Amino acid sequence: MEKLDKDYQELKKTIRELIRLDFITPDEIPNMELYMDQLTHFMDQHLGSTLRNEDEKALTKTMINNYTKNKLIPAPEKKRYSRKHLILLIYIYYLKNVVSINDIRRILGPMIESDFSSDKIYNIYKSIFEMEKQQYFNAEASIIRTQQVAEKRLPKDEDEYLNKMAFIYMLGYDIFMKKRLIEKLIDELPEE
């Protein structure tokens with residue numbers, strides 16, 4: 001039993017290291033306009049540790065230009081990006097690996113097309129940020145429960161590859177189910 005507790009403590013530590021997110025707190029979002037280079041530097045500085053490889057960038061000039069062309073963010077004014085742009089880019093950063101560009105446009109469209117002020121979008125971001133902080137611990141607990149289920153089926157002293165594969169598959173299935181739910185919720189949003 002003591003070894004089991006030690007294994008789960010080690011798993012918790014590993015999970016915290018691997019899924020540690022460098023949140024961009026609401027207070028860190030500048031309330032001033034930024035040029036493209038400042039914007040990409042800000043995102044790399046705050047989200048760089050969430051990247052898988054050191055040579056990756058959180059956001060590039062090409063990405064920002066494509067997001068503008070695809071109407072995921074409004075065009076900058078005089079080559080400067082507002083706090084509203086930055087917040088929308090943060091949302092895009094987290095959503096782009098889960099849903100399509102069209103789905104992101106559908107989610108963010110009302111914020112872009114309406115007269116949402118930077119202050120209103122900032123206040124929405126603050127509310128979501130508070131919810132995300134709690135969700136981090138919920139995700140950690142969910143991953144540990146998934147590991148426990150995988151180990152019940154394949155004891156840890158069995159083949160390490162099979163154990164890891166089972167754990168990966170179960171995590172993938174969890175993501176797949178959540179992605180399907182996200183897609184259903186997006187489909188229920190009003191059309192643009």
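In this predicted model, Arg83 sits over the face of Tyr122, with a distance of 3.9 Å from the ring centre. The aromatic residues also meet one another, and a search of the whole structure returns 3 aromatic pairs. One of them joins Tyr93 and Tyr94: the ring centres are 5.2 Å apart and the planes stand at 80 degrees, so this pair is edge-to-face. The two partners can be told apart by their surroundings. Tyr93 has a relative accessibility of 9% and counts as buried because that value is under 20%. Tyr94, with a relative accessible area of 30%, is partly exposed.

Another pair, made by Tyr125 and Phe129, is stacked, with 6.4 Å from centre to centre and 25 degrees between the planes. These two residues are 4 residues apart in helix α6, and are therefore separated by about one helical turn. In general, an α-helix has 3.6 residues a turn, so residues three or four places apart point the same way. Both Tyr125 and Phe129 are buried. The picture extends to a further ring, since ring pairs link Tyr91, Tyr125 and Phe129 into a cluster.

It is helpful to place these rings in the overall fold. The chain contains 7 helices and 2 strands, which follow one another along the sequence as α-β-α-α-β-α-α-α-α. Of its 192 residues, 33% count as buried. Among contacts with a separation of 6 or more, 69% are between residues 24 or more positions apart. The surface that the chain exposes comes to about 13,100 Å², and carbon and sulfur atoms supply 55% of that area.

Tyr125 also belongs to the largest nonpolar core, which holds 34 residues. Together with Ile24, Met43, Ile64, Ile73, Leu89 and Ile92, Tyr125 touches the most other members of this core. At least two residues of the core come from each of α2 (36–47), α3 (61–69), α4 (83–95), α5 (101–113) and α6 (118–153). Helix α4 gives the most, with 8 residues. In soluble globular proteins, nonpolar side chains tend to be buried together.

Which residues surround Ile64, once its neighbours within four places in sequence are left aside? The contacts of Ile64 are Met36, Leu39, Thr40, Leu59, Ile73, Tyr81 and Leu89. Two of these names, Ile73 and Leu89, have already appeared among the core residues that touch the most other members.

Apart from the largest core lies another, of 5 residues, including Leu11, Ile143, Ile144 and Phe167. Phe167 is one of the buried residues of α7, along with Asn163, Ala166, Glu183 and Ile186. Helix α7 covers residues 160–187, and its 28 residues reach 40 Å from the first C-alpha to the last. That span is close to the 40 Å expected at 1.5 Å a residue.

Helix α6 offers two further residues of interest. Is Glu140, which lies in this helix, buried or exposed? Glu140 is buried, with a relative accessible area of 4%. Not counting residues up to four places away in sequence, Glu140 touches Lys12, Ile15 and Arg16. Lys126 is also found in helix α6. Lys126 is partly exposed, at a relative accessible area of 37%, and is brought together with a residue from elsewhere in the chain. Although Lys126 and Pro26 are 100 residues apart in sequence, their C-alpha atoms are 5.7 Å apart in space.

The backbone of the loop between α3 and β2 (80–81) also deserves a look, starting with Lys78, which is placed there. Lys78 is not a glycine, yet has a positive phi of about 55 degrees. Lys79, in the loop between α3 and β2 as well, likewise has a positive phi, of about 65 degrees, without being a glycine. How do the two lysines stand with respect to solvent accessibility? Lys78 is exposed, with a relative accessible area of 71%. Lys79 is exposed too, at 67%. Both values count as exposed because they are over 50%.

How values were computed
Residues numbered from 1 in each chain as written. Predicted model: local features only at pLDDT ≥ 70, side-chain atom pairs only at ≥ 80, totals over all residues. Heavy atoms only, no water. Buried < 20%, exposed > 50% of the residue type's maximum accessible area, 1.4 Å probe, protein only. Contact = heavy atoms within 4.5 Å. Areas by Shrake-Rupley, 256 points an atom, 1.4 Å probe, with all protein chains shown as cover. Core = buried A, V, L, I, M, F, W, Y, C linked by side-chain atoms within 4.5 Å. Expected span 1.5 Å × (residues − 1). Phe/Tyr/Trp six-rings, centres within 6.5 Å; stacked < 30°, edge-to-face > 60°. Lys NZ or Arg CZ within 6 Å of the ring centre and 35° of its normal.
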